[in-house]
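Reader: I've just opened this one and I'm not sure how to read it. Could you walk me through it?

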Amino acid sequence: LTVATPPKLLAKKNTTVTAKIGVQLRNGFHVNSNTPADDYLLPLRLTWTAAPLELKGVAYPRPKMEKYDFSEKPLSVFSGDFEVTTTFQVPASAAPGMQVISGKLRYQACTHKECFPPKTVEVKLPVDVVN
């Protein structure tokens with residue numbers, strides 16, 4: 001799994017802004033969606049240390065239901081290229097200027113035959129807070 005470097009986010013005070021994080025998986029690989037079909041499956045999860053912005057929500061794409069040999073029922077997965085969108089509120093108290101917000105994308109990559117140990121990828125989002 002590869003996370004594209006997100007473009008700089010221009011964040012005006014007292015507004016809501018969105019950041020799109022591009023994710024790419026190599027051919028033949030998938031990750032469980034944010035809403036996996038079974039409790040024991042690890043969901044894809046993007047979390048943020050959002051200061052100076054306030055996290056409003058994270059939106060994931062619509063998952064695909066795929067059938068694999070190792071599971072009796074279809075699984076809710078992401079594959080190929082997709083985006084995870086985060087909405088932030090820019091408070092009036094946010095300090096102006098360039099800052100970097102840190103995020104973590106946790107996932108477990110699998111093929112149609114095996115799953116690999118879970119991993120966490122750092123995401124760095126450059127944010128320019130303006131009045």
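Author: Sure, let's begin with a term we'll need in a moment: a disulfide here is a pair of cysteine sulfur atoms within 2.5 Å. In general, a disulfide is a covalent bond between the sulfur atoms of two cysteines. Keep in mind that this is a predicted model.

Reader: How many disulfides does a search of the whole structure find?

Author: The search finds one. Cys110 and Cys115 form it, with their sulfur atoms 2.1 Å apart. The torsion about their S-S bond is about 105°, so this disulfide is right-handed.

Reader: And are Cys110 and Cys115 buried or exposed?

Author: Buried means under 20% relative accessible area, and exposed means over 50%. Cys110 has 1% relative accessibility, so Cys110 counts as buried. Cys115 has a relative accessible area of 39%, which makes Cys115 partly exposed.

Reader: Let's step back to the whole chain. How many helices and strands are there?

Author: Count zero helices and twelve strands. Reading along the sequence, you get the pattern β-β-β-β-β-β-β-β-β-β-β-β. The C-alpha atoms fill a box of roughly 55 × 20 × 20 Å along the principal axes.

Reader: What can contacts tell me about the way the chain is put together?

Author: Look at how far apart in sequence the partners are. Take the contacts between residues at least 6 apart in sequence: 72% of them join residues at least 24 apart. As for burial, 39% of the chain's 131 residues are buried.

Reader: Which residues touch the most other members of the largest nonpolar core?

Author: Those are Leu44, Trp48, Leu53 and Phe88, in a core of 29 residues. At least two residues of this core come from each of β2 (9-12), β3 (15-24), β5 (45-49), β9 (81-90), β10 (97-107) and β12 (119-130).

Reader: Can we zoom in on one of them? What does Phe88 touch?

Author: Leave out residues up to four places away in sequence, and the partners of Phe88 include Trp48 and Leu53. Other residues that Phe88 touches include Leu9, Val17, Ala19, Leu55 and Leu125. The list also includes Thr15, Thr16, Glu54 and Lys56.

Reader: Now the surface. How much area does the chain expose?

Author: The chain exposes about 7,400 Å², and carbon and sulfur atoms supply 52% of that. On the charge side, there are 16 positive and 11 negative side chains, and the centres of the two sets lie 7 Å apart.

Reader: What about the backbone? Which residues does a cis peptide bond join?

Author: For a peptide bond, the angle to look at is omega. A cis bond joins Ala51 and Pro52, with omega at about 15°. Pro52 is in the loop between β5 and β6 (54-59).

Another angle to look at is phi. Asn14 has a positive phi of about 65° although Asn14 is not a glycine. You'll find Asn14 in the loop between β2 and β3, and at 58% relative accessibility Asn14 counts as exposed.

Reader: One last spot: where does Gly28 lie, and what does Gly28 touch?

Author: Gly28 lies in the loop between β3 and β4 (30-32). Its relative accessibility is 55%, so Gly28 counts as exposed. Setting aside residues up to four places away in sequence, Gly28 touches Cys110, Thr111 and His112. That brings us back to Cys110, one of the two cysteines in the disulfide. For a sense of distance, Gly28 and Ala4 are 24 residues apart in sequence and 19 Å apart in space, C-alpha to C-alpha.

Key. Residues are numbered from 1 along each chain as its sequence is written. This is a predicted model: local features need pLDDT of at least 70, side-chain atom pairs count only at pLDDT 80 or more; totals for chains, interfaces and linings use all residues. Side-chain values use heavy atoms; hydrogens and water are left out. A nonpolar core is a set of buried Ala, Val, Leu, Ile, Met, Phe, Trp, Tyr and Cys residues joined through side-chain atoms within 4.5 Å. Buried means under 20% relative accessible area, exposed over 50%, partly exposed in between (1.4 Å probe, protein chains only). Helices (H or I, at least four residues) and strands (E, at least two) are DSSP runs, numbered from the N terminus. Contact means heavy atoms within 4.5 Å. Accessible areas come from the Shrake-Rupley method with a 1.4 Å probe; for residues, only the protein chains shown count as cover. Lys and Arg count as positive and Asp and Glu as negative; His and the chain ends are not counted. The place of a charge is taken as NZ of Lys, CZ of Arg, CG of Asp or CD of Glu.
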